[in-house]
Amino acid sequence: MVSKKLIAVLVLVAFAALLTGCGATKEAPAADTKKPVKVVFWYSLAGKISETTKKMVEEFNKTHPDIQVEAIYQGSYDDSINKLKQSIQSKSAPHVIQIYDIGTRFMIDSKSVVPAQKWIDTDKIDVAKFEKNIMGYYTVDNKLYSMPFNTSTPILYYNKDAFKAAGLDPEKPPRTFEEVAEAARKLTVKEGGKVTRSGMSIAIYGWFFEQLMALQNATYANNNNGRDSLATAVTINGPEGEKILNWWNDMVKEGSAANMGRKTADTQKAFVGGQIAMTIDSTAVLGDIMNGVGGKFQVGTAFMPRPADSKGGVIIGGGSLWMLSGHSDKEEKAAWEFVKFMTSAKQQAYWHINTGYFPVTQLAYDDPDLKKHQEKYPQFKVAVDQLHATPVTRPTQGALLGVFTQARQEVEGAIERTLTGQASAKDSLTKAQDTINASIGRYNQTIK
């Protein structure tokens, strides 16, 4: 028989064990608070650039153990925006998203963003060392809405060996529309009446048209490119727009320029293969072009061409990092730490070396690895010089349109109609303008 005294002792031991167990359970939430803050990041660049993005995220996670960023590829920029619209409605938006330049108006109008300016002011960050031209694009109503991340501009690429063979000075590339047209004639090679090398080719890409407008110091949309107030119409069918298409079309008609369609990759491939002597393309593909050429000829780079009397500049392209609202203060602060990291000097140097995009901060150029990279690719200095030579004006800041994706497609259609002889430059642009303006009207009604 077990004594009553022993039973009492056993009961006390069991009760003490129960209390200890309860105590352990109560301490569990304290352990949870030590878990890293999760930040979801949506990005939209594939291939080698995607790999570079993931490596930068891994480096952030390694150096910031209190924050864990989950990077998720979302497909194209358009795919990403469509998914974002759905996530905003379901209140499941990511903390940070990479959006292309022309998505700026839509992002602001979504009323679902945390402006970068909020955290720049909070942290008292001196933005003087960031590239003013790049910052200017994403600044609206004196407020920086997103942090520039992957930035590019177009430049003129040319075959120096072809220049020498044609009796042109390879160290003096053409700078104006007129000089490009003259050089294209001399660079064109025919055998048996057939063109074996075209002097020039430009992919039918709306971004290039926008650049050639800004280089003439012309706005693309009214209300100073939609930056003084909401744009209600585009202004592409004026003399500046006509001048672009007529210059382009004249070269195609006389056989000194080839029309290779809308795919920039096709024109790039033709340049690398020596089938064309000059082309316009993004600074971001310089590495790809150099690797593709592989020493078969010397690649030269130059400022974008413009009419002789023009005093404008280029518009930056690419994308930026946006912070989304609707998250806790702790998560928002963690998201900002991630954005700061991705746009820091060291990371932007790494980004530039591995992708070809501009560093968004001038401090990146002090990085020793970047300096070695510049020695390997001196052609990129032209792109930096062109950026720094560009004044920050309403035309060079770029237009803000909620329907910019459609606008580009309509402009590309106008270029196509002109180059294929279906309509004059004026008529082609007027048709595109009317269609775009109708879309702008519908869009503006949705945000009132």
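## Reading pockets, cavities, rings and strands

Analyst: Let's start with one detail: α3 gives four residues to the lining of the second largest pocket, the largest share of that lining. Keep in mind that this is a predicted model.

User: Before we go on, what shows where empty space is left?

Analyst: The general idea is to roll a probe the size of a water molecule over the atoms, which shows where empty space is left. In this structure, the second largest pocket comes out at about 340 Å³. Its lining has 18 residues, with Ile81, Lys85, Phe106, Gly402 and Thr405 the closest to the centre. At least two lining residues come from each of α3 (77-89), α4 (104-109), α19 (404-419) and α20 (425-446).

User: How many residues of each class does that second lining have?

Analyst: Nine are nonpolar, six polar and three charged.

User: And how much space lies in the largest pocket?

Analyst: About 1200 Å³. It has 43 lining residues, and Leu45, Ser282, Ala284, Val285 and Tyr357 are the closest to the centre. By class, that lining divides into 18 polar, 16 nonpolar and nine charged residues.

User: Now for enclosed space. How many cavities of 30 Å³ or more does the structure hold?

Analyst: A cavity is the case where the probe fits but cannot get out. There are three of 30 Å³ or more here, and the largest has a volume of about 90 Å³. Of the 18 residues lining the largest cavity, Glu210, Ile315, Gly398, Ala399 and Phe404 lie nearest its centre. α9 (206-214) and α19 are the elements that give two or more residues to this lining, and α9 has the largest share with four. The class split is twelve nonpolar, three polar and three charged.

User: Phe404 has a ring, so to speak of rings: what describes a pair of them?

Analyst: Two things, the distance of the centres and the angle of the planes. A search of the whole structure turns up 19 aromatic pairs. Have a look at Phe41, Tyr43, Phe60, Tyr73, Phe338 and Phe341, which ring pairs link into a cluster.

User: Which charged end sits over the ring of Phe404?

Analyst: That of Arg408, 5.6 Å from the ring centre. Try Tyr137 too: the charged end of Arg227 sits over its ring, 5.3 Å from the centre.

User: On to strands. Why is β1 largely enclosed by the rest of the structure?

Analyst: The idea is to look at burial, where buried means under 20% relative accessible area. Six of the seven residues of β1 (residues 37-43) are buried, so the strand is largely enclosed by the rest of the structure. β1 pairs with β2 (residues 67-73) in the parallel sense, over seven bridges. Within that pairing, Val40 stands opposite Glu70 of β2.

User: Which way do the residues of β14 point, and are they buried or exposed?

Analyst: In β14 (residues 299-302), Val299 and Thr301 point one way while Gly300 and Ala302 point the other, and all are buried. β14 runs antiparallel to β8 (residues 154-159), joined by four bridges. For a landmark, find Thr301, the bridge partner of Tyr157.

Notes
Residues numbered from 1 in each chain as written. Predicted model: local features only at pLDDT ≥ 70, side-chain atom pairs only at ≥ 80, totals over all residues. Heavy atoms only, no water. 1 Å grid on protein atoms, 1.4 Å probe; cavity = no way out; pocket = protein on both sides within 12 Å on 5 of 7 lines; lining within 4 Å. Points joined across faces, edges and corners; volume = space filled by probe spheres on them. Nonpolar A, V, L, I, M, F, W, Y, C, P; charged D, E, K, R; others polar. Phe/Tyr/Trp six-rings, centres within 6.5 Å; stacked < 30°, edge-to-face > 60°. Lys NZ or Arg CZ within 6 Å of the ring centre and 35° of its normal. Buried < 20%, exposed > 50% of the residue type's maximum accessible area, 1.4 Å probe, protein only. Pairing = 2+ DSSP bridges.
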